[in-house]
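Morning, everyone. Please have the sequence and the model open while I talk.

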Amino acid sequence: MVQYNFKKITVVPSGKDFIDIILSRTQRQTPTVVHKGYAISRLREFYMRKVKYTQQNFHEKLSAIIDEFPRLEGIHPFYGDLLHVLYNKDHYKLALGQVNTARNIIGKIAKDYVRLLKYGDSLYRCKSLKVAALGRMCTVIKRISPSLAYLEQIRQHMARLPSIDPNTRTILICGYPNVGKSSFINKITRADVDVQPYAFTTKSLFVGHTDYKYLRYQVIDTPGILDRPFEDRNIIEMCSITALAHLKAAVLFFLDISGSCGYSIAQQAALFHSIKSLFMNKPLVIVCNKIDLQPLEALPEEDMKLVMEMKAEAVKSILAQGGDSKDDEGVLLTMSTMTDEGVIAVKNAACERLLNQRVEIKMKSKKINDCLNRFHVAVPKPRDTKERPPCIPQAVIEARATANAKEKRKLEKDLEEENGGAGVYSASLRKHYLLANDEWKEDVMPEILDGHNVYDFVDPDILQRLEELEQEEGLRLEGEAVEEDFEMDGKELTEEEKALLSEIRRKKKLLIQEHRIKKSTAESRPVVPRKFDKDRKYTTDRMGRELSALGINPSAAVNRARSRSLSTRGRKRDRSLAGQGEDGEAMDIDTEHSNKKLRVRSRSISASRSRAIIAAPGGFTPGEGFRDIVQKQQALKIAKKSVRHRNKAACKGEGDRVIPNLKPKHLFSGKRGKGKTTRR
Amino acid sequence: MRLEKCWFCSSTIYPGHGIQFVRNDAKIFRFCRSKCHKNFKMKRNPRKVKWTKAYRLLHGKDMTKDSTFELERKRNRPERYDRNVTEKTLQAIKKIDKIRVAREARHHAMRFKGKKAMEHRAAITELEKSIDLVKAPAPLLQAPQEDTAKLKVKVSQPEAEFMEE
């Protein structure tokens with residue numbers, strides 16, 4: 001169907017964009033490189049190709065525009081008229097005509113310049129010819145750019161027109177502004193038309209779809225029409241007039257009998273009579289809206305007369321269709337879109353009338369006979385004269401009777417609306433609880449108590465069980481009170497024993513600690529074990545103290561130890577030599593000297609002197625492993641020397657291989673004040 | 001809302017704490033904190049991990065069989081609400097708690113019962129064995145303070161022989 005192609009028209013670019021598109025395409029799709037050394041035919045061909053290519057593109061695009069925009073004569077008169085009303089037929093045709101002329105002009109330009117190019121004799125001349133050709137084509141397009149803009153606007157608006165099928169079942173709603181046409185369409189279809197208190201809220205046609213007897217009906221909402229002479233009507237009203245004029249539809253003329261639209265019934269009746277010519281051959285239903293404000297029966301005399309006149313007109317249309325003049329229930333209907341009263345009835349009446357009319361027309365046409373010949377409705381022949389009515393159970397009949405008699409009960413929904421609506425009111429879900437006592441319905445029960453789930457304890461006979469438990473507990477407590485705590489039988493340690501025990505434990509602890517310290521591991525074991533008591537731990541004083549702590553008189557042991565000490569007796573070697581020296585008078589003088597030395601050496605140094613040597617820095621301590629102080633000092637020197645190199649490199653230790661800064665800037669940059677920088 | 005038990009350590013999980021892990025066989029494991037969760041992921045057996053309730057119950061450190069536990073049981077049949085029953089239940093919970101706590105304390109006391117006697121015996125043996133560290137043995141104490149050093153007698157027999165010769 002042509003009308004649906006309105007959405008498929010390609011976008012019309014503006015003048016500038018158009019030029020840009022075509023020229024950039026030419027640049028991309030044709031070869032770009034050319035040198036003046038090429039053969040002349042090649043140069044000519046190069047530039048001719050560009051000119052022709054550009055002309056072809058322009059031609060294509062402009063033809064597309066001209067073809068896709070609909071020809072107002074070639075589409076359904078409804079759309080033709082609608083487009084004329086909206087866009088002005090002449091203007092539209094002019095625009096398209098301009099596009100057409102532009103196309104032709106561009107074709108001519110291209111032809112001329114190609115002819116000239118055939119005789120171009122240098123690169124420069126060919127190039128200027130091409131530039132001129134392209135330039136002229138672009139100027140043509142620039143000149144029609146207003147038309148292009150206009151066509152683009154039309155295209156956008158056309159794409160948004162409602163998709164109305166002029167040939168299918170349609171219901172048209174018309175009337176004064178603000179009578180309730182859009183509310184009605186909102187009620188019966190899924191259309192979401194704006195409903196506002198001001199006139200001309202609806203500014204264009206709106207389509208909704210509704211169903212009746214398994215058939216789909218289009219419902220068209222029109223903008224309101226005022227009672228004016230035809231020539232004075234504006235575009236919006238002309239839309240609805242066009243729709244009325246061209247579409248074969250059932251017409252619902254809306255009447256606001258309460259007058260709240262701002263127009264009296266007389267005015268509305270006047271409008272009706274002025275456009276009644278448009279209602280020829282269309283099933284017409286007059287709908288009185290807003291009866292919640294003003295019931296039909298309560299209308300004053302003149303208004304009633306006017307309404308009856310309109311009804312008479314409508315009845316005439318039925319007669320024209322061949323219906324019964326008595327059959328006028330479907331002509332004048334009342335409804336209210338506010339209270340939903342009669343809305344469905346109106347829709348059904350309109351759909352029914354339209355359907356009947358269409359069926360009749362189809363029946364009268366010749367084509368129907370082809371269909372009728374093809375099917376046959378079979379009706380079962382009655383066997384005998386016995387009547388067999390449908391069987392309805394008694395209960396159903398009774399239920400139906402009571403259902404009609406019973407009044408509507410109050411729903412939760414109504415309750416919600418009363419109490420402030422959805423956001424404000426929250427339904428009490430506990431209303432219908434079945435409890436032993438109705439006061440308990442709103443009780444809040446704790447679920448958790450002291451780290452227990454209360455539900456785990458709930459039990460109807462919890463009390464009884466608790467009692468049993470307490471009895472048990474009571475019995476047990478009594479039983480325990482009888483038993484006494486006679487673990488110990490009065491056995492206890494005395495004070496003295498306790499003191500001894502603590503002393504024992506303390507000593508044991510110390511022993512264990514010392515052992516742990518002394519324990520031989522690779523880390524703690526020196527390579528050369530110490531024989532000399534550097535810390536002076538094992539002294540006779542200490543021994544004396546400890547023995548007296550044990551309760552023994554230490555003097556004997558101390559004296560013995562002292563008499564046998566190294567200082568009083570000297571070393572074994574020295575002793576034996578000294579012994580010989582005394583006896584051997586036949587020894588030499590040298591040996592005497594040497595003996596003297598030895599003797600001097602073996603004599604012990606006095607306490608004060610020994611302390612001085614030990615206290616002196618770098619002093620000689622016998623247990624360290626050095627022969628004498630000279631050796632010790634040499635050793636220290638060697639140690640310092642070995643560490644010097646590392647320290648200069650700012651290393652933490654022998655394992656520190658980190659180079660903090662491979663190329664410190666101050667060493668590798670800068671000019672020298674004097675001298676050369678050939679090496680750093 | 002329900003207070004659940006941690007699968008690993010059996011402590012109560014309050015709302016807003018812990019993680020629940022649902023395995024592919026639809027078994028739900030609830031954990032009270034990431035410590036238990038991580039232990040579970042390491043595939044540790046709670047019966048072997050000292051600080052869990054499972055270990056303690058298994059090794060008899062805590063009370064296992066008691067009638068107070070019978071009163072707290074997850075019942076799957078919902079009871080119709082009755083205010084009086086609820087009130088009584090709430091009071092009963094407190095009393096049951098007290099009794100249970102008292103019984104657990106008794107259990108722990110029973111466990112620690114023999115400690116004093118054992119300690120006493122250990123102290124006595126230690127005293128006997130290690131008394132030497134602080135007290136000298138009796139004979140040494142009674143010995144007088146005489147100089148028991150040996151007397152040295154110089155024997156000059158070879159000299160005499162020499163001189164003789």
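How many bridges join S1(A) to strand S4 of chain A? Five, and the two strands run parallel. One caution before I go on: this is a predicted model.

Let me stay with that strand. S1(A) covers residues 170-175. Its other partner here is S3 of chain A, residues 215-221. Four bridges join S1(A) and S3(A), again in parallel. Two pairs are worth finding on your screens. Leu172(A) stands opposite Ile220(A) in S3(A). Gly175(A) has Phe254(A) in S4(A) as its bridge partner.

Is S1(A) enclosed or open? Six of its six residues are buried, so the strand is largely enclosed by the rest of the structure. Both faces are covered. On one side you have Thr170(A), Leu172(A) and Cys174(A). On the other side sit Ile171(A), Ile173(A) and Gly175(A).

Next, the cores. The largest nonpolar core has 116 residues. The residues with the most contacts inside it include Phe69(A), Met158(A), Phe253(A) and Phe279(A). Which helix gives the most to this core? Helix H4 of chain A, residues 89-117, with eleven residues.

Look at Phe253(A) for a moment. Leaving out residues up to four places away in sequence, Phe253(A) touches a long list. Among them are Cys174(A) and Gly175(A), which we just met in S1(A). Phe272(A), Ile275(A), Phe279(A) and Met310(A) are also among its contacts.

Apart from that core lies another, of twelve residues. Its members come from both chains: among them are Leu449(A) and Leu466(A), and also Ala92(B) and Ile93(B).

Now two spots on helices. Ser147(A) sits in helix H6 of chain A, residues 145-159. Is Ser147(A) buried or exposed? Buried, because its relative accessible area is 8%, under the 20% cut-off. Beyond residues up to four places away in sequence, Ser147(A) touches Ala95(A) and Gln98(A). With Gln98(A) there is a polar contact, side chain to side chain, at 2.2 Å.

Thr101(A) is in helix H4. Thr101(A) is partly exposed, with a relative accessible area of 43%. Its C-alpha is 9.9 Å from that of Leu62(A), and the two residues are 39 apart in sequence.

On to the cysteines. How many disulfides does the structure hold over all chains? Zero. A disulfide is a covalent bond between the sulfur atoms of two cysteines. Take Cys9(B). Its closest cysteine sulfur is in Cys36(B), 3.5 Å away. Why is there no bond? The limit is 2.5 Å, so that pair is too far apart. Cys9(B) counts as buried, at 9% relative accessibility. Cys351(A) is buried too, with a relative accessible area of 0%.

Now the chains as wholes. Chain A has 680 residues, and 31% of them count as buried. It holds 24 helices and eight strands. Take its contacts with a separation of 6 or more: 67% come from residues 24 or more positions apart.

Chain B has 165 residues, with 23% counted as buried. It has seven helices and four strands. Along the sequence the pattern reads β-β-β-β-α-α-α-α-α-α-α. Of the contacts in chain B between residues at least 6 apart, 43% join residues at least 24 apart.

There is a hairpin to see in chain B. Strand S3, residues 19-22, pairs with strand S4, residues 28-31. They are antiparallel, over four bridges. Val22(B) has Ile28(B) as its bridge partner. Five residues lie between the strands, and Ala26(B) takes a positive phi near 70 degrees.

Last stop, the interface. How many residues of chain B are in contact with chain A? The count is 54, against 53 residues of chain A. The two chains bury about 5300 Å² between them. Carbon and sulfur atoms carry 62% of that. Which three residues supply the most of chain B's share? Tyr81(B), Arg106(B) and Val134(B), with 12% of the area that chain B buries against chain A.

That's my tour. Over to you.

Conventions: Residues numbered from 1 in each chain as written. Chains lettered and ligands numbered in written order. Predicted model: local features only at pLDDT ≥ 70, side-chain atom pairs only at ≥ 80, totals over all residues. Heavy atoms only, no water. Buried < 20%, exposed > 50% of the residue type's maximum accessible area, 1.4 Å probe, protein only. Polar contact = N/O pair within 3.5 Å; in protein donor to acceptor, adjacent residues only side chain to side chain. Contact = heavy atoms within 4.5 Å. Core = buried A, V, L, I, M, F, W, Y, C linked by side-chain atoms within 4.5 Å. Pairing = 2+ DSSP bridges. Buried area = accessible area lost by both parts, 1.4 Å probe.
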